[in-house]
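Visitor: Got a minute? I'd like to talk through the ligand site in this one.
Guide: Sure, pull it up.

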Amino acid sequence: MRLDRLLANSGLGTRSRVRDKINHGGVTVNGTVITDAAFHVTEDDSILIDGHEINCKTHLYYLLDKPDGVLTAMEDKRLPCVADYIPSELKSKKLSPVGRLDYHTSGLLLITNDGELSHRLQSPRYEVPKTYLATFSGQDWTENEINTIVSGFTIRDKGYSEQIAPAALEMTDPSDDGLSRALLTLHEGKTHEVRRIFAHFNKEVAALRRIELAGVKVSRELDSCGRFRPLTDDELRLLFDATGMSGN
Ligand code: URA
């Protein structure tokens, strides 16, 4: 990340103020004075401003494998919510979920305090792919229906209509209890979109699990449900690449 961006992200002033400080030789990186605001640094570098070490680890990135029956919210008086899975020492870090999964959807939920990344991951502009494993009842998908999904289509329901962007659908192995399963990859994130797409084609989703987002994956099975862990560097790079933030 650029030196000026990292300092600004660390709450040390606007980008122009920190650039000023850098230009005037007030910043050292690993013991060397750096006057180039675009100098590449990582959170592991030792950065001093006017001789005082600063703590750069302001942006935090986690993955929660959300269980079914958990609300995507940081607080709820009645129901279990994702905040219950965040360790107490992180409670002051202003973390929040990136988008939302329905109460009855399990799987991959990113949790961060990086507002810019969160915004971009949810923006239709970046068309970030998200793959859902849907267990459903009803007829299996026909070739015609799959082609409709691939082309994009309109859902018309009780006086409103909504355009569904082109997506991809692939049948996969049935569930243990013999229900059909399919993988649906969307590049947008409308409310209840997967369930509404299935309903449009007269299929009912019995269980839904998000298993992939921009190449970051969780297991298809439920074995890691409830696990909260930091993203790896490779996973973070996938997210930054998908949202045009690499090299910032
Ligand atoms: N689509 C849905 O219907 N539910 C989710 O939780 C996510 C996508």
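Visitor: Which element gives the largest share of the shell around the ligand?
Guide: Helix 5, residues 193-200, with three residues. Bear in mind that this is a predicted model.

Visitor: Which residues are around the ligand?
Guide: Leu101, Asp102, Thr105, Tyr132, His192, Glu193, Val194, Arg195 and Leu208.

Visitor: And how does that shell split by class?
Guide: Four residues are nonpolar, two are polar and three are charged.

Visitor: Which domains does the shell draw on?
Guide: Domain 2 (59-127 + 224-248) and domain 3 (129-213) each supply at least three residues.

Visitor: What about polar atoms close to the ligand?
Guide: A ligand nitrogen is 2.8 Å from an N or O atom in the Asp102 side chain. A ligand oxygen is 3.2 Å from a polar backbone atom of His192. For Glu193, a polar backbone atom is 3.4 Å from a ligand nitrogen.

Visitor: How much of the ligand does the protein bury?
Guide: The protein buries 96% of the 240 Å² that the ligand exposes when taken alone.

Visitor: Switching topic: where does Thr72 lie?
Guide: In the loop between strand 5 (61-66) and strand 6 (96-97).

Visitor: Is Thr72 buried or exposed, and why?
Guide: Buried, because its relative accessible area is 14%, under the 20% cut-off.

Visitor: What is Thr72 in contact with, leaving aside its neighbours within four places in sequence?
Guide: Lys66, Val82, Pro97, Gly99, Arg100, Leu101 and Leu109.

Visitor: Leu101 again. What links its backbone to Thr72?
Guide: The Leu101 backbone oxygen lies 2.7 Å from a polar side-chain atom of Thr72. Leu101 is also one of the residues around the ligand.

Key
Residues numbered from 1 in each chain as written. Predicted model: local features only at pLDDT ≥ 70, side-chain atom pairs only at ≥ 80, totals over all residues. Heavy atoms only, no water. Helix = DSSP H or I, 4+ residues; strand = E, 2+ residues; numbered from the N terminus. Buried < 20%, exposed > 50% of the residue type's maximum accessible area, 1.4 Å probe, protein only. Polar contact = N/O pair within 3.5 Å; in protein donor to acceptor, adjacent residues only side chain to side chain. Contact = heavy atoms within 4.5 Å. Near = heavy atom within 4 Å. Areas by Shrake-Rupley, 256 points an atom, 1.4 Å probe, with all protein chains shown as cover. Nonpolar A, V, L, I, M, F, W, Y, C, P; charged D, E, K, R; others polar. Domains from an automatic or database assignment.
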